[in-house]
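Thanks for sharing this one with me. Here are my notes as numbered points, to be read with the structure open beside you.

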Amino acid sequence: MPESAASKPAEPFRSSIMQIEPQWIDYNGHLNMAYYNVMFDRAIDQMWLQLGIGPTYMKERNGSTFTAECHVRYLREIHLGDPVEVSVWLLDADDKRLHTFQELRHATEGWLSATSENMSLHIDMGSRKVAAFPPDIRERIAAVVGAHSALPRPQGIGRNVAMPSKG
């Protein structure tokens with residue numbers, strides 16, 4: 001590991017800065033809810049590349065990930081022209097699953113627009129069934145989970161959909 005990487009404090013993965021596409025704006029004049037998921041998915045794809053589980057992994061090792069569950073919270077509108085960046089925490093993992101939490105923020109002003117908490121499954125693309133990660137990939141994942149476990153937990157993890165309690 002390069003010396004600079006070893007001395008660098010742990011932080012969540014940060015995506016590249018992304019731009020909102022004009023066709024994603026709905027009749028309310030803001031980013032349509034479906035495209036928040038596009039932004040989150042693009043960010044996760046960038047993180048998967050760093051973990052070694054991107055398109056090359058699928059082609060060479062016949063493995064991929066599928067999202068099994070997703071919970072998005074829409075907190076503040078994003079508009080055309082707003083640059084965005086996604087931070088990703090790898091909260092936990094086992095042999096077959098990855099639990100992630102993402103925050104979509106305005107890239108220059110820093111305010112939080114949305115969060116997404118997800119459970120992803122590792123898939124053997126030959127059988128299209130859930131399968132264990134190979135040992136080398138599992139090691140990389142464990143290292144990131146370890147680093148991210150030292151970070152403060154973002155607000156909103158484990159939220160569920162429910163009406164506010166009365167009283």
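1. Let me begin with a charged pair. Asp95 is partly exposed, with a relative accessible area of 45%. Its side chain meets that of Arg138 in a salt bridge, at 3.5 Å from N to O. Asp95 sits in the loop between strand 4 and strand 5 while Arg138 belongs to helix 4, so the pair ties together parts that are 43 residues apart in sequence. Arg138 is partly exposed as well, at a relative accessible area of 23%. Please keep in mind that this is a predicted model.

2. The structure holds six salt bridges, and two others deserve a look. Arg105 pairs with Glu103, their closest N and O atoms being 3.2 Å apart. Arg105 is partly exposed, with a relative accessible area of 28%, whereas Glu103 is buried, with a value of 8%. The other links the side chains of Arg14 and Glu11, at 3.9 Å from N to O. Arg14 counts as partly exposed because its relative accessibility is 41%, and Glu11, at 39%, also counts as partly exposed. As general background, side chains of opposite charge can pair when their charged atoms come close.

3. Which acidic residue is buried yet has no salt bridge? That is Asp82, whose nearest side chain of opposite charge, Arg76, is 7.6 Å away. Asp82 lies in the loop between strand 3 (63-74) and strand 4 (83-93). It does have polar partners: the backbone nitrogen of His79 is 2.8 Å from a polar atom of the Asp82 side chain, and the side chain of His106 makes a polar contact with that of Asp82 at 3.5 Å. Setting aside neighbours within four places in sequence, Asp82 is in contact with Met18, Gln19, Ile20, His106 and Trp111. I would suggest viewing this site with those residues displayed.

4. Helix 2 covers residues 33-51, and its geometry is easy to check. At 1.5 Å a residue, its 19 residues should span 27 Å; the end C-alpha atoms are 28 Å apart, which agrees. At the start of the helix, a side-chain oxygen of Asn32 comes to within 2.9 Å of the backbone nitrogen of Ala34. Just after helix 2, Gly52 takes a positive phi of about 85°.

5. Which residues of helix 2 are buried? They are Tyr36, Met39, Phe40, Ala43, Ile44, Met47, Trp48 and Leu51. The general rule is that an α-helix has 3.6 residues a turn, so residues three or four places apart point the same way. You may like to colour these positions and look down the helix axis.

6. The largest nonpolar core has 30 residues, and those touching the most other members are Ile53, Ile78, Leu98, Leu104 and Ile141. Helix 2, strand 4, strand 5 (97-106) and helix 4 (135-149) each supply at least two residues of this core. Helix 2 gives the most, with eight residues. In soluble globular proteins, nonpolar side chains tend to be buried together.

7. Two members of the buried region can be followed through their contacts, again leaving out residues up to four places away in sequence. Leu104 touches Tyr36, Met39, Phe40, Ile78, Val84, Glu85, Val86, Trp111, Leu112, Ser113 and Ala114. Phe40 lies in helix 2 and counts as buried because its relative accessibility is 2%. The contacts of Phe40 include Val72, Val86, Gln102, Glu103, Leu104, Ala114, Thr115 and Ser116. The C-alpha atoms of Phe40 and Phe101 are separated by 9.8 Å, although the two residues are 61 apart along the chain.

8. Finally, some backbone angles to look at. Most residues other than glycine have a negative phi. Asn62 has a positive phi, near 60°; this residue is in the loop between helix 3 (55-61) and strand 3. With a relative accessibility of 37%, Asn62 counts as partly exposed. Arg128 also has a positive phi, near 55°, and is found in the loop between strand 6 (112-124) and strand 7 (129-130). Is Arg128 buried or exposed? At 53% relative accessibility, Arg128 counts as exposed.

Methods. Residues numbered from 1 in each chain as written. Predicted model: local features only at pLDDT ≥ 70, side-chain atom pairs only at ≥ 80, totals over all residues. Heavy atoms only, no water. Expected span 1.5 Å × (residues − 1). Buried < 20%, exposed > 50% of the residue type's maximum accessible area, 1.4 Å probe, protein only. Polar contact = N/O pair within 3.5 Å; in protein donor to acceptor, adjacent residues only side chain to side chain. Lys, Arg positive; Asp, Glu negative; His and termini not counted. Salt bridge = Lys/Arg side-chain N within 4 Å of Asp/Glu carboxyl O. Contact = heavy atoms within 4.5 Å. Core = buried A, V, L, I, M, F, W, Y, C linked by side-chain atoms within 4.5 Å.
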